[in-house]
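Thank you all for coming; I would like to walk you slowly through one structure today, and I will stop at a few places along the way. Please have the sequence and the model open in front of you.

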Amino acid sequence: MHNQTILHWISSNAGNLVKLSDHIWELAEVGLHEHKSAAALIDTLKQHGFTVEEGVAGMPSAFVASFGSGKPVIAIMGEYDALPGLSQKTHFEKVPAKPGAAGHGCGHNLLGVGALGGAVAVRETMVTHGLSGTIRYYGCPAEETLVGKVFMVRDGLFADVDVSLTWHPSSLNTLWAASSLAMNSAKFTFHGRSSHAAGDPESGRSALDAVELMNVGANYLREHIVQDARLHYVITNGGGEPNIVPPVAEVWYYVRAPKRKQVDEIYARLIKVAEGAAMMTETTFDIEFLTGCYNTLHNHVVGDVLMDAFRTAGAPQFTAEDVEFARHMAANYPPGHYQTMVDNMKDRVGVDVEGKYLMDLVTEPHDYGKVAAGSTDVGDVSWVTPTAQFMAACNALGTPGHSWQYTACAGMGIGHKGMLTAAKVLGLSALKFLQDAELVAKAKIEFAQSVKGREYKTPLPEGHKPPLHQLH
Ligand SMILES: [Zn+2]
């Protein structure tokens, strides 16, 4: 009966949730600059009786909204940052809404509002049926740059949380049990000496040479690190003009690996590579450490609750119009892309989607014990509280991650339906934990065993502040 209150509230408020999601989709604000998006979420939460602490952990667009009191404390996490350059209209061909502008190419407008829908539905159910406990919505900025939750965890905002839940838009409907890669993000700035590159080259010491030699060294280092590690870089400053020996040059690195300890080790070796490059070029360098994060620890007790709730909520019910949109989108994929996706779905997920353009089923979890080759700051939360996440179909099968196609789906019917499904799954799951103290205890026992002997230590240097100046 309580489940019905959750499902009913989400169905009867679907229009408002969709409106809020479309508003954030249009704002498309990038990490740590999601001021209007956060304000829109905060307004809605306040209207529904939540008390909101704004600007937490040193980030103006981070907040924690809370309803109720006492144990258990159930957290639902929302994100709402966009990605640079991925502006797109709700069209199946590439048509930027504002050329060069940011867009919701990872569907975080849906992520933030779906999570809000779940949290508010729980609040309404608590009021209607007189339930005790605490439901919280964590407004987590800058997921794309792996910033928000790392700082929120460091500042103790999850210290009294019993269970944390979240989700991510996808083309599938299932649990997301795989781990993710731990990571460090840092900029290396080399300082040399300028001179006329032709007339007086012997007086110059090129900072760009140092950057290039560091990259060469890193590419050799690559051969002698663990198989699943990833090193990638972009040169963010390569000098001004060819006839001036660059006095300053900068390279931005991500170092990723399945375990936090491996990232620490590879990062230490990368610093040695930078030292070598500086020695060779008679330059100096400094490091701006931006952020770091942990891999994700999946909690099976929490994951099972999410899957049960997903079976109850059912897959999103797409319309013929949605399918048509997805079919047109697939027609524009590069040659072979659709077939590769079909093959991957068979091999990795165990599902035959030949001839399908949208996922209309809830599929069984397929990635227990696997490591996905990306990173998320959900990882840090998962090391301090029992955590699990799932994915709901919000885009066409074969939609690339971080793409204009993703932005398009996130602003129309396909994304809306996946988001409302996610709200239901989160609402039902949070309610289950609110009402079942034994289940909360079981999740905590599993958590305690999984972190035993390797307790969380923030990857951030002492006193480190959020990189508010960092756009992307
Ligand atoms: Zn994302």
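Let me begin with something to look for: which element gives the most residues to the lining of the largest pocket? Before I answer, please keep in mind that what you see is a predicted model. The element in question is helix H10, which contributes six residues to that lining.

Let us stay with this pocket for a moment. The largest pocket holds about 1600 Å³ of space, and 50 residues line it, with Trp176, Ala372, Ala373, Gly374 and Gly401 lying nearest its centre. The elements that supply two or more residues to this lining are strand S5 (163–170), strand S8 (230–237), strand S9 (248–257), helix H10 (337–349) and strand S11 (387–393). If we sort the lining by class, we find 23 nonpolar, 20 polar and seven charged residues. Both domains take part here, in that domain 1 (2–179 + 295–451) and domain 2 (182–293) each provide at least three residues to the lining of the largest pocket.

Now I turn to the second largest pocket, whose volume is about 230 Å³. It is lined by 16 residues, and those closest to its centre are Val305, Asp308, Ala309, Leu428 and Lys432. Two or more lining residues come from each of helix H1 (2–12), helix H8 (300–313), H13 and helix H14 (437–451), and among these H8 gives the most, with six residues. By class, the lining of this second largest pocket divides into six nonpolar, five polar and five charged residues.

Helix H13 brings me to a single residue, Ser429, which sits in that helix, at residues 413–435. Is Ser429 buried or exposed? Ser429 counts as buried because its relative accessibility is 0%, where the cut-off for buried is under 20%. Leaving aside residues up to four places away in sequence, Ser429 touches Leu165, Val305, Leu306 and Ala309. Two of these names, Val305 and Ala309, you have already heard among the residues closest to the centre of the second largest pocket.

My last stop is the metal site. Which residues coordinate the zinc ion? They are Cys106 through SG, His108 through NE2 and His168 through NE2, at 2.0 to 2.3 Å. Along the sequence, the donor residues follow the spacing C-x1-H-x59-H. Of these donors, Cys106 and His108 are both buried.

Notes:
Residues are numbered from 1 along each chain as its sequence is written. This is a predicted model: local features need pLDDT of at least 70, side-chain atom pairs count only at pLDDT 80 or more; totals for chains, interfaces and linings use all residues. Side-chain values use heavy atoms; hydrogens and water are left out. Helices (H or I, at least four residues) and strands (E, at least two) are DSSP runs, numbered from the N terminus. Buried means under 20% relative accessible area, exposed over 50%, partly exposed in between (1.4 Å probe, protein chains only). Contact means heavy atoms within 4.5 Å. On a 1 Å grid over the protein atoms alone, a cavity is a set of points where a 1.4 Å probe fits but cannot get out, and a pocket is an open set with protein on both sides within 12 Å along at least five of seven lines; lining residues have an atom within 4 Å of a point. Grid points are joined across faces, edges and corners, and a volume is the space filled by probe spheres set on the points. Ala, Val, Leu, Ile, Met, Phe, Trp, Tyr, Cys and Pro count as nonpolar, Asp, Glu, Lys and Arg as charged, and the others, Gly among them, as polar. Domain bounds come from an automatic or database domain assignment. Donors are N, O and S atoms within 2.8 Å of the metal (3.2 Å for Na, K and Ca); water is not among the atoms, so sites may look incomplete.
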